[in-house]
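Open the model in your viewer and keep the selection panel at hand. This tour goes from the whole chain to single residues.

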Amino acid sequence: MSNIAILCSGGDVSGMNPAIKHFVEYSLKKDLTPFFVYNGYEGLIDNDIQEVSYRDVSGIINRGGTKIGSARSKRFMNPEYRQIAKDNLDALNINMLVVLGGDGSFRGLDAFYKEHSIKSCGIPSTIDNDIHGTDYCLGVDSALNIIRTSIDAIRDTASSFNRAFIIETMGRDCGYLALISALTSGAELCLIPEREHNISDYEDNFKTQMAHGRKYFIAIVSEGIKQDPQEIAKWFEETIGIESRVSILGHIQRGGNPTSYDRLMAYKFVNYAIDGLLGSHTNSVICYTKDGFIYKSIDEVTGSAFKLDPDLLRLLEDV
Ligand code: ADP
């Protein structure tokens, strides 16, 4: 029997727990001995590694976050600590490693692989959906559902009080969450980092809408835009003439129960990861593309900057 470990690194997402559960079950099915590494690369360095079985993953499929913790690790940037991590894995005869994380985590995994040849596989996991080479990252659907529920609730109060709401979503420099949320929530305005904007361009249109009876506005703005949401609220009050509020959704976007889609994607990502490691894929990331799941090298995934799909970006023109 071979030994295989899993860890979560960087930002947590809802969907990690279903992936961890299936990792244990699928490993056992494939005659592998599964191990958890707690708290990301920190746990590799501190030897916080434990053999696990079915009972360790019961009751977690419906829970957000990650049972095994996630972390950022400054020490793992240093080859000396990566050597300690390798020694810890060797002591437990672990020669395969699955990492749930973003492109930073994959860069760390790549360095680890290149120094120590441990068979490794990355599963893209970030609500920002900003990893080059994959159309989908674990956790995105759960985050979108939380955002949609929040916007629906805000719409109720916005319409009762005749207000404009400026709702900020996460995403770092990527406007994916804001764009999809705006399209699926009927927002009147969507501002994302990929499109420069000048808020005054909307003045005539919004004033006309007000003149024709519009009672409230929903504006979705991504955290990466170069304008403070408070400034946009002020513009609505002073220029459009409607009372305004700002709502920063923040970390609720990372929590909540994983959706059915994320549970299914977790299942598939893990199958591909373990099958790949048992086959010929030694240093790859599982990417979900228009052609289905494919293995890409970590170099390919981390070597280029992420760009939002132009077809999606074009949809913004109709918001
Ligand atoms: P994410 O995976 O969500 O992009 P980070 O960029 O914070 O998150 O990276 C997570 C962790 O990956 C870092 O704390 C560090 O331990 C490791 N890491 C990132 N880049 C490197 C690198 N170039 N070399 C070694 N480890 C790295």
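Start with the protein chain as a cartoon: this predicted model has 11 helices and 12 strands. The radius of gyration is 22 Å, close to the 20 Å that the globule rule gives for 319 residues, so the chain is as compact as a globular protein of that length. Along the principal axes, the C-alpha atoms fill a box of roughly 70 × 40 × 35 Å. Now colour by burial: 47% of the 319 residues count as buried. Contacts reach far along the sequence. Take those between residues at least 6 apart; 77% of them join residues at least 24 apart.

**Domains**

Next, select 2-139 together with 258-304 and colour this set as domain 1. Give domain 2, residues 141-254, a second colour. The contact between them takes 14 residues from domain 1 and 12 residues from domain 2. What is the side of domain 1 that touches domain 2 made of? Its residues divide into four nonpolar, six polar and four charged. Measure between the C-alpha centres of the two domains, and the model gives 35 Å.

**Ligand**

Centre the view on the ligand and show the 17 residues around it. Gly10, Gly102, Gly104, Ser105 and Gly108 come nearest. By class, this shell holds four nonpolar, 10 polar and three charged residues. Which element gives the largest share of the shell? Helix H4 does, with six residues.

**Helix H4**

Stay there and select residues 103-116, which form H4. Check the helix length. At 1.5 Å a residue, its 14 residues should span 20 Å, and the end C-alpha atoms are 20 Å apart, so the two agree. Show the side chains next. Asp103, Ser105, Phe106, Gly108, Leu109, Asp110 and Phe112 are buried. Ser105 and Gly108, on this buried list, are also among the residues that come nearest the ligand. An α-helix has 3.6 residues a turn, so residues three or four places apart point the same way. Step past the end of the helix to Ser117, which follows H4. The phi of Ser117 is positive, near 55°.

**Helix H9**

Finish at helix H9, residues 260-278, and pick Lys268 within it. Is Lys268 buried or partly exposed? It has 16 C-beta neighbours inside 10 Å, so Lys268 counts as partly exposed. Add Phe293 to the selection: Lys268 and Phe293 are 25 residues apart along the chain. Their C-alpha atoms are separated by 8.6 Å.

Conventions:
Residues are numbered from 1 along each chain as its sequence is written. This is a predicted model: local features need pLDDT of at least 70, side-chain atom pairs count only at pLDDT 80 or more; totals for chains, interfaces and linings use all residues. Helices (H or I, at least four residues) and strands (E, at least two) are DSSP runs, numbered from the N terminus. The expected span of a helix is 1.5 Å times one less than its number of residues. A residue is buried if 20 or more other C-beta atoms lie within 10 Å of its own, exposed if 12 or fewer, and partly exposed in between; C-beta atoms are placed from the backbone. The radius of gyration is taken over C-alpha atoms; the globule rule is 2.2 Å times the number of residues to the power 0.38. Two residues are in contact if their C-beta atoms, placed from the backbone, lie within 7 Å. A residue is near a molecule or strand if its C-beta atom, placed from the backbone, lies within 6 Å of it. Ala, Val, Leu, Ile, Met, Phe, Trp, Tyr, Cys and Pro count as nonpolar, Asp, Glu, Lys and Arg as charged, and the others, Gly among them, as polar. Domain bounds come from an automatic or database domain assignment.
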